[in-house]
Amino acid sequence: MSKNSTYATPKWWKEAVIYQIYPSSFQDTNGDGWGDVKGITSRVDYLKSLGVDVVWTSPIYKSPQADMGYDIADYKVIDPIYGSVQDVDDLISELKKRDMKLMMDLVVNHTSNMHEWFLESRSSKDNPKRDWYIWKSPKSVSEGGVPEPPNNWAQILGEANSAWTYDTETGEYYLSVFTPEQPDLNWENSEVREAVWDVMKFWLDRGVAGFRMDVINMISKVPSYPDAPIVLDPKTHQFQPGTQFFVNGPKLHDYLQEMYREVLSKYDTVTVGEMPGVSDENEILRTVGADAGELNMIFIFDLVDIDKPNVRMALKPWDVKEMKSIITRWQRCMIERDGWNSVFIENHDNPRSVSRYTDDRDAVRDKGAKLLALMQTTLGGTIFVYQGEEIGIRNAPTDWDISEEYKDIETINYWKKCQQIYKDDPAQLEHGKKIIHMKARDHARTPMQWSGDANAGFCRPGVKPWMRVMDDYKDGINAEDQIRYDNSDELSTWQFWQRGLKDRKEHADVFVYGDFQEISPEEPSIFAYGRTSMSGERWLVVLNFSGTDVEWNFPESLNLEFWACSTYEKAKPDKARQGKITLRPWEGVLGKCTLE
């Protein structure tokens, strides 16, 4: 860390614990089987007791719900299914009473095709808002009279489809990178940017503390809109990933700096950008560097994309060494180059971490969940916890019927494609099922498991929830049972998260702001690292990412003062575990050390 670095300069948003809520699945209070804003308010004390400082809710704005609220029809109106603006004001007020804050989703790469802006834009070629969206003439017209899209870009949430949607009334295509119901805004138009600033000020002036910015690095496109290179088999994929032409485009940083000048610099905000598809350190630091004048931090997706090849709904092998190298890279990068990390492994777009990185079988699920909690609560950066992660919710079981139980548009489109392409190939169809069982976004969207009561306490008995509740809520995977868990030997997953978040705050100079050094990088299943404060306080974290006992050699350069916790024992582990120690399956330990 350089002498001029501001990395360890305290900021409230650096030390904050941010908890993401998927509103439809959090808490229903009005009996319609759909979570609502009042449901969030009813659980504020629960969040406070866990150790949460900032509540981030996925979109709750007026929306036709083609993509679960990420297709916004009015940025200043709350969708009736969630409540009202008054309900949000009440939530902000209740949070403030507890010294907590609200962060909202800002989705401004695209709108709904039902937004008034787009309805005007598509009404005619000479409408004043025509240029608020990206319209192009067909590339050509086939012999059969079918207009061809302007280029070969594939839709993100339905890779078998074009990223362009044809409008028969005006005879042009509009860009819709995600779905036809989500037309992309034209950020080249200054009026569009001014409209976005107006939306941001509307919510900040109401007391919102900041924004998570949805796919914010897609707001600038390469203006020539060229064809994408062919990386997927053209026999089965007519359209190709075009991300290199609309991710971190040529004017991205101009737009983000303008956003900072016009809006963010005038408020004390927390900002985090969703920036998929970028892993270049220089490019990322242009956004999150201390002097960048753009955003506080971004979500770097290297870890959650560890099993992703060219497209998200696919699988590739990975190992613990790769996982360690990713985490170490970004910990060191931000320390050495004065940036800032977000620490997360779950969100609404990714499967459950205990199923993905550890073992979610009944016998060891809680051990893996606590291992991941220990890792995250001891890494540098701002920590993000996703709803249900604190009780170790896992992926939906493989016996759920995909056509009946899965609701996400990406899963539906992917499964339709599999059934069309592989209808005569059972092995490939089974592989498609395997991908869904591991990667579908639906796994993160099952209703929150509050108690052992009917519907896991998400909604009243007799009410059908919008998405099926996992049956294992009856088996202790619910918040109420885990909060009340009373065992002389160990902590529940919830209790372990609460302990870890409390410990993180008490030792912020180490775990939030401290130096990071990986230990034993050659070990195939052990992730060990030291965290050291500016004053020299040193802690050791050792994590066994395997289902077997593993011996680990304690470094001779470290002198163990005491073990603070294990993912197994409730009491502090025996100090005698020094020298060559044996870590049990999915065990993690935290110890206070001094250098020899």
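Biologist: How many bridges join S18 to strand S19?

Modeller: This is a predicted model. Strand S19 covers residues 526-532, and S18 runs antiparallel to it. One pairing places Gln-517 with Gly-530 in S19 as its bridge partner. The number of bridges that join S18 to S19 is 5.

Biologist: Which strands stand at the edges of the open sheet, and why is one side of each left without a neighbour?

Modeller: The open sheet has 5 strands, in the order S18-S19-S20-S24-S22, with antiparallel pairing. A strand with a single partner strand has one side left without a neighbour in the sheet, and so it stands at the edge. The edge strands are S18 (515-519) and S22 (558-566).

Biologist: What does the twist average from one strand to the next?

Modeller: The sheet order is S18-S19-S20-S24-S22. From one strand to the next, the twist averages 25°.

Biologist: Over how many bridges do S22 and S24 pair?

Modeller: S24 also pairs with S20, in the antiparallel sense, over 6 bridges. There, Leu-543 has Gly-588 in S24 as its bridge partner. Elsewhere in S24, Leu-595 stands opposite Leu-558. S22 and S24 pair in the antiparallel sense too, and the bridge count is 7.

Biologist: Is S24 largely enclosed or left open by the rest of the structure?

Modeller: Buried means under 20% relative accessible area. In S24, 6 of the 8 residues are buried. Strand S24 is therefore largely enclosed.

Biologist: Which helix lies across S19, S20, S22 and S24?

Modeller: The helix covers residues 365-377 and runs at about 150° to strand S20 (538-544). Strand S24 (588-595) is among the strands it lies across. The helix is H11.

Biologist: How many residues of H11 are buried?

Modeller: H11 has 13 residues and reaches 19 Å from its first C-alpha to its last. That is close to the 18 Å expected at 1.5 Å a residue. The helix is largely enclosed by the rest of the structure, because the buried count is 13 of the 13.

Biologist: Is Asn-248 buried or exposed?

Modeller: Asn-248 is found in the loop between S13 and H7. Its phi is positive, about 50°, although Asn-248 is not a glycine. The relative accessible area of Asn-248 is 17%. The cut-off for buried is under 20%, so Asn-248 is buried.

Biologist: What is the relative accessible area of Val-215?

Modeller: Val-215 has its place in the loop between strand S13 (210-213) and helix H7 (252-262). Val-215 is not a glycine, yet its phi is positive at about 30°. Val-215 counts as buried, because its relative accessible area is 4%.

Biologist: How far apart in space are Asp-214 and Arg-329, C-alpha to C-alpha?

Modeller: Asp-214 is found in the loop between S13 and H7. Asp-214 counts as buried at 6% relative accessibility. Not counting residues up to four places away in sequence, it touches several residues, including Tyr-70, Asp-105, His-110 and Glu-274. Arg-329 is 115 residues from Asp-214 in sequence, and the C-alpha to C-alpha distance is 24 Å.

Biologist: How many disulfides does the structure hold?

Modeller: Cys-333 counts as buried at 3% relative accessibility. Cys-459 counts as buried at 5%. The number of disulfides in the structure is 0.

Biologist: Where does UniProt place the feature "domain: Glycosyl hydrolase family 13 catalytic"?

Modeller: The UniProt entry is unreviewed. In the model, the span is 30% helix and 14% strand, and its end C-alpha atoms lie 35 Å apart. UniProt places the feature at residues 20-428.

Technical notes:
Residues numbered from 1 in each chain as written. Predicted model: local features only at pLDDT ≥ 70, side-chain atom pairs only at ≥ 80, totals over all residues. Heavy atoms only, no water. Pairing = 2+ DSSP bridges. Helix = DSSP H or I, 4+ residues; strand = E, 2+ residues; numbered from the N terminus. Axes fitted to C-alpha atoms, helices over the stretch in contact; angles between N-to-C directions. Contact = heavy atoms within 4.5 Å. Disulfide = S-S within 2.5 Å. Buried < 20%, exposed > 50% of the residue type's maximum accessible area, 1.4 Å probe, protein only. Expected span 1.5 Å × (residues − 1). UniProt positions renumbered as here; feature names shortened; annotations may be inferred.
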